[in-house]
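Good morning, and thank you for making time for this presentation. Please look at the sequence and the model as they come up on the screen.

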Amino acid sequence: MQGLLTNKVAIITGASRERGIGLATARLFAEHGATVVITDLAGEDPLRAAAGLGGGHLGLVCDVTDPAACRAVAAEVVQRYGRIDVLVNNAGITQRRGVMDVTAQDYDLVTGVVLRGTLHMSQAVIPHMRSRGSGAIVCMSSMSAQQGGGVFGGTHYCAAKAGVIGMAKAMARELGPDGIRVNSVAPGLILTDFSRGANSDEAKHEMARAFPLRRIGRPVDIAGACLYLASDLSAFTTGTTLDVNGGAHIR
Ligand code: NAP
């Protein structure tokens, strides 16, 4: 099936790492006809990542913890393309910490990107989506929110990702009458560089052998869930959390 996002404009945060979920989502959205805006921190070169999608896409530097930077992204996208149809709040950061080792700085760092970032980027696009009476926001949570970590996540990461689910539900309830749908995806173990080398790929594959589907998740597995939630295939779905974990956590 092709063209699920034809004529749509989608912003995806934290989306320029080669092995990341964000870039896999950007590629799938572009294949489905979307104009994609990749945002990321400066060091990750979102302009290069967007150019790699082909012509007509856009890369912008944006630290999602900075509300002014989020508003600047939304303003530039509306100015260039006249619309924002989809936002994927994908940017995230983790630290593996036991509860007694989480410092106030650690807490601010992780919740700042995961929770405040989701809030600020959503706040940046909502006025535009409201004015058009439509939009879809997808928020990246984690299986860690549901089972208290177990792979990469420290206490503060689990709390932040659980907070994302609550925030998405609250936005879904408030923004539904404006035609804006908000949903979350809760990935299980996905083969990216998220742990920044703390776990080898082989160790992750080994861990995944215990999952019911007997394999680790691929970034494109999460991209598929984002595509569903961003497109009209999910037109009557809001406030939900889609588990994409190979059966590692069955509720
Ligand atoms: P990733 O490749 O590290 O993607 C995260 C991206 O967010 C990176 O490009 C990172 O940039 C960016 N980022 C960090 N701080 C930011 C900020 N302040 N503003 C904007 N961007 C920022 O890892 P991933 O696995 O694809 O993770 C994508 C999302 O999936 C995250 O929200 C993560 O929590 C979630 N997730 C992943 C897994 C998994 O197993 N991989 C499981 C559950 C949930 P830098 O590289 O410069 O830090």
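I shall speak about the ligand and its surroundings, and then about the pockets.

Please keep in mind that this is a predicted model.

Let me begin with the location of the ligand. The ligand sits in the largest pocket. Its shell consists of 28 residues, and those closest to the ligand are Glu 44, Asn 90, Tyr 157, Thr 192 and Arg 196. Divided by class, this shell comprises 13 nonpolar, nine polar and six charged residues.

I turn now to polar contacts with the ligand. Two arginine side chains take part: a polar side-chain atom of Arg 196 is 2.7 Å from a ligand oxygen, and a polar side-chain atom of Arg 17 is 3.0 Å from a ligand oxygen. The backbone contributes as well, with a polar backbone atom of Gly 92 lying 3.4 Å from an oxygen atom of the ligand. How much of the accessible area of the ligand does the protein cover? On its own the ligand has 870 Å² of accessible area, and the protein covers 93% of it.

Next, the pocket itself. The volume of the largest pocket is about 910 Å³. Its lining is made up of 48 residues, and the closest to the pocket centre are Ala 91, Gly 92, Ile 93, Phe 194 and Arg 196. Two of these names have already come up: Arg 196 through its side-chain contact with the ligand, and Gly 92 through its backbone contact.

Which elements give two or more residues to this lining? They are the strand β2 (35-40) and the helices α1 (21-31), α4 (104-132), α5 (143-147) and α6 (155-175). By class, the lining of the largest pocket holds 20 nonpolar, 20 polar and eight charged residues.

Finally, I come to the second largest pocket, with a volume of about 190 Å³. Here the lining numbers 13 residues, and those nearest the centre are Lys 8, Ser 134, Gly 135, Arg 181 and Asp 232. The classes in this lining are four nonpolar, three polar and six charged residues.

To close, I return to the main point: the ligand sits in the largest pocket, with 93% of its accessible area covered by the protein. Thank you for your attention.

Methods:
Residues numbered from 1 in each chain as written. Predicted model: local features only at pLDDT ≥ 70, side-chain atom pairs only at ≥ 80, totals over all residues. Heavy atoms only, no water. Near = heavy atom within 4 Å. Polar contact = N/O pair within 3.5 Å; in protein donor to acceptor, adjacent residues only side chain to side chain. Areas by Shrake-Rupley, 256 points an atom, 1.4 Å probe, with all protein chains shown as cover. 1 Å grid on protein atoms, 1.4 Å probe; cavity = no way out; pocket = protein on both sides within 12 Å on 5 of 7 lines; lining within 4 Å. Sits in = over half its atoms within 2 Å of the grid points. Nonpolar A, V, L, I, M, F, W, Y, C, P; charged D, E, K, R; others polar. Points joined across faces, edges and corners; volume = space filled by probe spheres on them. Helix = DSSP H or I, 4+ residues; strand = E, 2+ residues; numbered from the N terminus.
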